[in-house]
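Here's a quick tour of a few spots worth a look in this model. Have the structure open as you read.

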Amino acid sequence: SVTAENRIRGMIAIRDCARRVIEYQTEGYPDSDIQKEQAELNRLYDDYTKKYGLLSSRGNSLAFRDDSSYPLLCSLEVLDEEGNLVRKADMFTKRTIRPHVAVASVDTASEALAVSISEKARVDMEYMSSLTGKTEQELASDLRGVIYMDFNRKPDGSYTWRTADDVLSGNVREKLAYYQRALDLLPEDANHRNEIADNVAALKTAQLKDLDASEIEVRLGATWIGKSYIQQFMVETFEPPYYLRRTIEVNYSPFSAEWNITEKSQPSYSDVNAYMTYGTDRANAYKILEDTLNLRDVRIYDTVTDPDGKERRVLNSKETTLAQQKQQAIKDAFRDWIWRDPHRRETLSTKYNELFNSTRPREYDGSHIRFGGMNPDITLREHQRNAIAHVLYGGNTLLAHEVGAGKTFEMAASAMESKRLGL
């Protein structure tokens, strides 16, 4: 209809003017130009609403709701719970977007580093040189201990630089071993030997304190414990007859992550350890050990026949309780046995620390991010800035804050900054 067409034409004019106001603020136009567009937006809005009502009214919604910019038009009105106009949005009267201002020059290397991280999301020596007029060598000297050379070459053969919080986090034990080997292999006069030495020295200070055996909890079924230790525990604890010690064998399949004990039913019923101390008549110690290694609670079932002749398995509560008591006795025996031998204690403690105590979490600092395009009335808190830095520089990120801590702003700001940086 003609009325619907006029509604659409009017809303298109308001939409285009609102977009110009946004563009002028984003691009840093003078206040006079922005105020002129705001005055035009006010005029268009007032004229339209006098004739057709609020932009969010049902009639206007029916005419324009299929347009992707209709939510922008609705955001120009602040309504109460009943849908009545409270006031016009701030866009009509003041700046709502902080323009992104590119930094052309800085005085110090530390300032250049902050700008590089903010604008490039990395240490860009070429960009930092253009900001300061200093060479890469001068910048590296000024930022010694703040940035470190990464010896994984870029496609052009040059080396990259990384910030200390990046280099001195992650698997610091593995990183130290890598750079220590490189340092040991290089001759005294080799290029970049000093940089490698700096990496080694810094990584040594970043190493985590080794845990001793009293701080490590080991349970049966932990796959980092070699099967030879389980075999040794089984033989020393259950004391099978000598003729069975090569027959009853512990095996582990890394493909199915399953433990298996061969010939576990071979011990005779006269074996006290197998059928009394650590087992029962219904489940010997080797069967219970196998279930324990596979992290299963041992259960004993009876087979009963229904009146119609069908067989079914029924849990035997009494025998199950007795078997689970033996299972706990095996767990306790293993806990006492595993650290008893000094050599085994040292070997397993070292292995545990290498596997599970080598990663230092990275600490992110978002204080340098300026958030061009954000509403000036929004002030992010320190933990929000740091969380956004984590998203930008750390890859996958879990924002595990409590309710009300500002996760929505973090996600919106992270998305906008990622888009701006081309990440």
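## Helix H15

This is a predicted model, and a good place to begin is helix H15, which runs over residues 342–356. Does the helix length add up, and what span should its residues give? At 1.5 Å a residue, the 15 residues of H15 should span 21 Å, and the C-alpha atoms at its ends sit 21 Å apart, so the two agree.

Now for which way the helix faces. Arg344, Leu348, Ser349, Tyr352 and Asn353 are the buried residues to look for in H15. Looking down the helix axis, you'd find the buried residues within an arc of 155°, so they line one face of H15. Turn to the face pointing away from that buried side and you'll meet His343 and Glu346, both exposed.

## What sits around H15

What covers the buried residues of H15? The cover includes helix H9 (172–185), along with H11 and helix H14 (317–338).

The start of H15 has a detail of its own: a side-chain oxygen of Asp341 comes to within 3.2 Å of the backbone nitrogen of His343. That's the His343 that shows up among the exposed residues on the face turned away from the buried side.

## Two glutamates with positive phi

Next, a pair of backbone angles. Glu239 has a phi near 50°, which is positive even though the residue isn't a glycine. You'll find Glu239 in the loop that links helix H11 (227–238) to strand S6 (250–253). H11 has come up already, as part of the cover over the buried residues of H15.

Glu263 is another non-glycine residue with a positive phi, here near 55°. Its loop lies between strand S7 (258–261) and helix H12 (272–277). Is Glu263 buried or partly exposed? Its relative accessibility is 38%, so Glu263 counts as partly exposed.

## Cysteines, but no disulfides

How many disulfides does the structure hold? Zero. A disulfide is a covalent bond between the sulfur atoms of two cysteines, so distance is the thing to check.

Start from Cys17: the closest cysteine sulfur belongs to Cys74 and lies 17 Å away, which is too far for a bond. Going the other way gives a matching picture, because the cysteine sulfur closest to that of Cys74 is in Cys17, at 17 Å, again too far for a bond. As for their surroundings, Cys17 counts as buried, at 0% relative accessibility, whereas Cys74 is partly exposed, with a relative accessible area of 24%.

Conventions:
Residues are numbered from 1 along each chain as its sequence is written. This is a predicted model: local features need pLDDT of at least 70, side-chain atom pairs count only at pLDDT 80 or more; totals for chains, interfaces and linings use all residues. Side-chain values use heavy atoms; hydrogens and water are left out. Helices (H or I, at least four residues) and strands (E, at least two) are DSSP runs, numbered from the N terminus. Buried means under 20% relative accessible area, exposed over 50%, partly exposed in between (1.4 Å probe, protein chains only). The expected span of a helix is 1.5 Å times one less than its number of residues. The arc is that of the directions from the helix axis to the C-beta atoms. Contact means heavy atoms within 4.5 Å. A polar contact is a pair of N or O atoms within 3.5 Å; within protein, one must be able to donate a hydrogen and the other to accept it, and residues adjacent in sequence count only if both atoms are side-chain atoms. A disulfide is a pair of cysteine sulfur atoms within 2.5 Å.
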